[in-house]
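I opened this entry to look up one strand and its neighbours, and then the surroundings of the ligand.

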Amino acid sequence: MLRIAVPNKGSLSEIAAEMLAEAGYSGRRDSRKLVHTDTRNDVEFFYLRPRDIATYVGSGALDVGITGRDLLLDSGSSATEIDSLEFGDSTFRFASPAGGAIQELGDLAGKRIATSYPQLVDDFLRARGVESVLVKLDGAVESAVQLGVADAVADVVSTGATLRAAGLEIFGPVILESTAVLIGGPNDHPGIARLLRRLRGVLVARKYVLMDYDLPVDQLEAASQVAGGMESPTVSPLKDEQWVAVRVMVRAEEANTIMDELYELGARAILVTAIHAARL
Ligand SMILES: Nc1ncnc2c1ncn2[C@@H]1O[C@H](COP(=O)(O)OP(=O)(O)OP(=O)(O)O)[C@@H](O)[C@H]1O
Ligand SMILES: O=P(O)(O)OC[C@H]1O[C@H](OP(=O)(O)OP(=O)(O)O)[C@H](O)[C@@H]1O
Ligand SMILES: [Mg+2]
């Protein structure tokens, strides 16, 4: 049985659960349950704090996990990133009082930096030869400057609203671009490849749509240039031999542009439908 660590709370938990459901796995019904077995798919889910997931996976206690790249790097665990899961994006940045004395990385030398990600920040500063004092806090680090326990902060920034509200301003280089990731450890479980295929399938299903249309047969080459499909378009005969029916997968964001171009080539009855699952 494949043992999978998933976030039990926080920014990543809901989307991770949705993604696993779309990938065909059953999940816990009660949010206080910490373990759920999906016997049909031969997997066991462990609902853990996202910050702890890399520790469990890196030690081999669990086979794979879903967590944030920033949390993985901060954990110091030997777990490694298998793939990005394309949600939970955030940027990790330094911030200091707007218009104050700390404006660039070098200004942090000898200063106190509040963060919940001390390992991540320490690795970053060390690699650049900056020596600062890290003040480890559990959360709400933006208040640390106002309250006098730090001179600057290093934290997750999404919209930037929290920083602004605390009178802080981003400065210096990007510490990390983070996203939710699938991580693995020492266990080489055969179920990992299947899980990965399913999760990638969910990402494809979200990104692509199916497009069906009728086309004058002499326009087939031109239409294939507009939308070539994954391997090649599926072409079916119609009763009227001057026409064919064509089916292709296209990127959802490009669907309308492609419909416009196909229409101009003479395509008619162009239909777009959602894909519920995919294996490429
Ligand atoms: N707006 C956001 N705030 C915090 N974390 C975010 C945000 N957007 C994405 N993330 C990512 O979510 C992960 C942090 O999740 P975690 O559950 O530990 O913290 P949280 O969402 O801040 O929850 P809490 O602070 O209530 O424990 C990190 O990988 C982080 O990059
Ligand atoms: O850029 P923004 O969109 O404002 O989001 C970023 C803020 O959100 C998170 O805090 P969270 O709400 O998780 O509280 P915490 O600091 O207690 O973890 C993060 O730590 C930042 O403070
Ligand atoms: Mg938080």
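I looked up the bridge partner of Ile66 in E11 and found Leu182. The model is predicted, and I read the pairing with that in mind. Ile66 belongs to strand E4, residues 64-68, which pairs with E11 in the antiparallel sense over five bridges.

I then checked what else stands opposite Leu182 in E11, and noted Asp83. That residue lies in strand E5, residues 80-84, which runs antiparallel to E11 and is joined to it by four bridges. Leu182 thus appears in my notes with two partners, Ile66 and Asp83.

Next I asked how many residues of strand E11 (residues 180-184) are buried. I counted five of its five, and entered the strand as mostly covered. I also sorted E11 by direction: Ala180, Leu182 and Gly184 point one way, Val181 and Ile183 the other way, and all are buried. In a regular strand the side chains alternate between the two faces of the sheet.

I turned to ligand 1 and listed 16 residues around it. The closest are Gly10, Ser11, Gly68, Ser90 and Ser158. Which elements give two or more residues to this shell? I found helix H2 (50-59) and helix H3 (69-75).

By class, I recorded five nonpolar, eight polar and three charged residues in the shell around ligand 1. Finally I looked up the domains: the shell draws at least three residues from domain 1 (2-87 + 179-189) and at least three from domain 2 (90-177).

Terms used:
Residues numbered from 1 in each chain as written. Chains lettered and ligands numbered in written order. Predicted model: local features only at pLDDT ≥ 70, side-chain atom pairs only at ≥ 80, totals over all residues. Near = placed C-beta within 6 Å. Nonpolar A, V, L, I, M, F, W, Y, C, P; charged D, E, K, R; others polar. Domains from an automatic or database assignment. Buried ≥ 20, exposed ≤ 12 C-beta atoms within 10 Å, placed from the backbone. Pairing = 2+ DSSP bridges.
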